[in-house]
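Work through the exercises below with the sequence and the coordinates open. Each task is followed by a solution in steps.

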Amino acid sequence: MSRYTIKLQALISLFLCLEPIGGEKSSYLHNKPFSSWSFNSHLLHQLPVEDYEGNFVRQVHNCVFSHVRPTPLQKGVQLKLLSRNALESCLDIDFTDARSSKKFLDFANGRLLLNESHAHRYGGHQFGEWAGQLGDGRAHLLGEYFSQQGERWELQLKGSGRTPYSRHGDGRAVLRSSIREFLSSEAMHHLGVPTSRAVSLVVSDDVVKRDPLYNGTVVEEKTAIVLRLAPSWFRFGSLEILSKSGEINLLSTVLDFIMRNHFAASVDVHHPDRYLQLFELVQRETIDMVVKWMKFGFAHGVCNTDNFSLMSITIDYGPFGFLDSYDPLFIPNLSDDGGRYALHRQPSVALFNLRKLFYAISPLLNSTQKSIIKTKLKAFNEEYQTKLVSAFRQKLGLVGDDRGDVMLVASLLHLMNETQADFTMTFRQLGAWRLNEIATAIIPNHLWALADLSKHSLFSSWCSAYYKRILGAEPSLTDQQRSTRLYAVNPRYILRNWMAESAIRMAENGDYSEAWRIHMVLQRPFEEQAPAEYSGYANRPPKWARKLLVSCSS
Ligand code: AMP
Ligand code: MG
């Protein structure tokens, strides 16, 4: 066996993650001005609220929510970013009206309450260990809205002050992390990744103290509030806390609530196997979510069970990162020393989290149901790998199913890793690469990411294998057809760390134009756009951004 065969096998393992581990223009015609808009919290009232009030930190029992009001930001409060798409398509609120409405500003700042607000009680496994009660320590659930499109959205403020779950925290979110959350949730939605949405960013001159690099340098940072949406904010940890505290009746009440309101179309809510069915569904959709993360080179950064949604959507954006150069060991979070949540570990962590979910619902399962779930968990890797290979086959523009595809993808990633080729642009530029150029391993000058890749000594043999595979399945495929197909799945723009950082630096000086530009561009990530080209969003990341670190201290 040659040295490269051995290396490639290691790469295949890495690719398949076999390692074990403990404002576009609105098309919605019936939007309302904010003053005549309303929502409610009727459904959520079906779940118990703590019968104790008072905003101080405590251990909470036998309930799902605590009643608590937001603490609005005080000084220099301004609405700085507003997602037209989220506002209009999810909430049916008129963008132009909301943008200039003092009432909307008060609402998005937690000053104007249209319903009772609550903080949610949940727990979680953080970095592999049970962390006990966590809960919404800086978030307030405002209620739920049923949209004209028939969707249910729970509105939540993040950064809106202390709650009974704040532990040692101040209940605030700093400007930099709020900008990142706003931009990334909306960007992920437009990439087609299941995610919570961000409606607005309200900023202020109120400051809090943070140690962003964990090196003892404490600085004052400005604070902000993001109004965010999800079909439900329940997490794996929402069930874990009930199970760990022996509140088994409440556990089944919450599960039945989730099933009735979110999974009625796919789970028979009266069936004795309903919890089993729910688990199978969550497992399937969690796998789909992680495959999409891998497909776009997204590392969440803090995949604790309290940050894993029961709706299988990406939530709680913190020290996340999108890949620049391909590196399976990419760790976006400065404080993740062991790399527990490195890019390539996300599937293993998802499996770990699903196991914790299984333990949480176990008190409601009989022995047959438990053994079915154990078998299902054993099949996780196979299901994940099949879906991952299929996603990357698409990224290469290949049709059909060839036994050599795993090797073809894994060896491309290997070449990318060794040449430090850019993940997003390598795949994107495959669409601009003509078939006759692939056959001869020639790279036109403007395809800079492929040019980086071509420095590898095995590049031309990879090209031959790729060319053979394309023509083998589609002998009459044209360059135009290939390009359309590849451009539809490989984005030209993602939220690169340097882009977020430059938007933050400008925003910290009061200029939100870069944040706005990025938000607009990332609504059409698959389409080439002049402002994005001018700003260099599809270029090699600038040198100054190479050593950027993202902090959990948000
Ligand atoms: P995260 O890792 O940001 O998802 O947060 C983990 C837990 O810490 C959750 O219970 C949060 O509500 C809580 N938390 C994080 N930051 C703060 C803060 N500044 N104030 C209060 N609670 C916080
Ligand atoms: Mg969280």
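**Exercise 1.** State which pocket the space taken by ligand 1 is, and locate this pocket relative to the domains.

*Solution.* Step 1: ligand 1 takes the space of the largest pocket (on a 1 Å grid over the protein atoms alone, an open set of points where a 1.4 Å probe fits, with protein on both sides within 12 Å along at least five of seven lines; a molecule sits in it if more than half of its atoms lie within 2 Å of its grid points). Step 2: the largest pocket lies between domain 1 (59-233) and domain 2 (240-366), because both give residues to its lining; the bounds come from an automatic or database domain assignment. The model is predicted: local features need pLDDT of at least 70, side-chain atom pairs count only at pLDDT 80 or more, and totals for chains, interfaces and linings use all residues. Residues are numbered from 1 along each chain as its sequence is written, chains are lettered from A and ligands numbered from 1 in the order in which they are written, and side-chain values use heavy atoms, without hydrogens and water.

**Exercise 2.** List polar contacts of ligand 1 (pairs of N or O atoms within 3.5 Å).

*Solution.* Step 1: oxygen atoms of ligand 1 lie 2.8 Å from a backbone N or O atom of Gly137 and 3.0 Å from a polar side-chain atom of Asn307. Step 2: for Arg138, a side-chain N or O atom is 3.1 Å from a nitrogen atom of ligand 1.

How values were computed
Polar contact = N/O pair within 3.5 Å; in protein donor to acceptor, adjacent residues only side chain to side chain. 1 Å grid on protein atoms, 1.4 Å probe; cavity = no way out; pocket = protein on both sides within 12 Å on 5 of 7 lines; lining within 4 Å.
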